[in-house]
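Here are a few exercises to work through with the model open beside you. Try each task before you read its solution.

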Amino acid sequence: MQTALELAKEAADMGEVPVGAVVVKDGEIIGRGSNAPISRHDPSAHAEIQAMRDAAARLGNYRLVGCSLYVTLEPCAMCAGAIQHARIANLVYGASDPKTGACGSVIDLMAETKLNHHTEVTGGVLAQECGNLLSAFFASRRKSGKPQ
């Protein structure tokens, strides 16, 4: 999660919402990602998607079986769906997202029994540190008058 936090800080430095993610397999980071929808003009360029794309390219397979995803913010519905399609075994996230969180906060796609893959979810890891990073970013944006 520390590496994901570093990636989130890099995203903030680029003017992106500070979210970072890593994919881990057999104790090794095989994918890294940070939020980039603004700079890439791509609504799907969330940190989780970026990390999974990186890992899939490295493995040469779109299925990330046996992998864990660590992300600083609870995934949205788009990312939760991608996590399930990739067959990620474990999801570990930091701060909950009461506005768009799809792993328990707003809805819980990971617990939907009708879906054919179920990722184990652990939330709240370094939640304070992850949440503080997001809060500071948005406070800075409000103060500067930049769009959020």
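**Exercise 1: A glycine in a strand**

Task: Is Gly33 buried or exposed, and what surrounds it?

Solution. Start with the accessibility: Gly33 has a relative value of 5%, so it counts as buried, the cut-off being under 20%. Keep in mind that you're looking at a predicted model. Next, place the residue: Gly33 belongs to strand β2, which covers residues 28–34. Now look for its contacts, skipping anything within four places in sequence. You should find Leu7, Val19, Gly20, Ala21, Ala47, Gln50 and Ala51. One of these, Gly20, sits 13 residues from Gly33 along the chain, and the two C-alpha atoms are 5.8 Å apart.

**Exercise 2: The pocket beside that glycine**

Task: Which residues line the second largest pocket, and which element gives the largest share?

Solution. Begin with the volume of this second largest pocket, about 160 Å³. Then go round the lining: Glu10, Ala11, Met14, Glu16, Arg32, Gly33, Ser34, Asn35, Ala36, Ser39, Arg40 and Gln50. So Gly33 from the last exercise turns up again, as does its contact Gln50. Now sort the lining by element: α1, β2 and α2 each supply at least two residues, and β2 has the largest share with three. Finally, sort by class, and you get three nonpolar, five polar and four charged residues.

**Exercise 3: The largest pocket**

Task: Which element gives the most to the lining of the largest pocket?

Solution. Find the pocket first; its volume is about 730 Å³. Among the 28 lining residues, Val17, Leu73, Asp97, Thr100 and Phe138 are closest to the centre. Two helices that each supply at least two lining residues are α2 (37–40) and α5. Of the elements, α5 gives the most, with seven residues. As for class, the lining holds 13 nonpolar, eight polar and seven charged residues.

**Exercise 4: Two rings**

Task: What kind of aromatic pair do Phe137 and Phe138 form?

Solution. There's one aromatic pair in the structure, and Phe137 and Phe138 make it. Their ring centres are 5.2 Å apart, with 80° between the planes, which is edge-to-face. Now check each partner. Phe137 counts as buried because its relative accessibility is 10%. Phe138 comes out at 22%, so it is partly exposed.

**Exercise 5: The nonpolar core**

Task: Which element gives the most residues to the largest nonpolar core?

Solution. This core has 35 residues, and those touching the most other members are Val23, Met52, Leu64, Leu69, Ile83, Ile88 and Leu91. Two or more residues come from each of α1 (2–13), β1 (20–25), α3 (47–59), β3 (68–73), α4 (77–86), β4 (90–95) and α5 (127–144). The most come from α3, which gives six. Then zoom in on Leu64: beyond four places in sequence, it touches Met52, Ala55, Ala56, Leu59, Ala86, Arg87 and Ile88.

**Exercise 6: Around α4**

Task: Which residues of α4 are buried, and what covers them?

Solution. Walk along the helix and pick out Cys79, Ala80, Gly81, Ile83, Gln84 and Ala86 as buried. Their cover includes α3, β3 and β4. Last, step just past the end of α4: Arg87 has a positive phi there, about 70°.

Methods: Residues numbered from 1 in each chain as written. Predicted model: local features only at pLDDT ≥ 70, side-chain atom pairs only at ≥ 80, totals over all residues. Heavy atoms only, no water. Core = buried A, V, L, I, M, F, W, Y, C linked by side-chain atoms within 4.5 Å. Buried < 20%, exposed > 50% of the residue type's maximum accessible area, 1.4 Å probe, protein only. Helix = DSSP H or I, 4+ residues; strand = E, 2+ residues; numbered from the N terminus. Contact = heavy atoms within 4.5 Å. 1 Å grid on protein atoms, 1.4 Å probe; cavity = no way out; pocket = protein on both sides within 12 Å on 5 of 7 lines; lining within 4 Å. Nonpolar A, V, L, I, M, F, W, Y, C, P; charged D, E, K, R; others polar. Points joined across faces, edges and corners; volume = space filled by probe spheres on them. Phe/Tyr/Trp six-rings, centres within 6.5 Å; stacked < 30°, edge-to-face > 60°.
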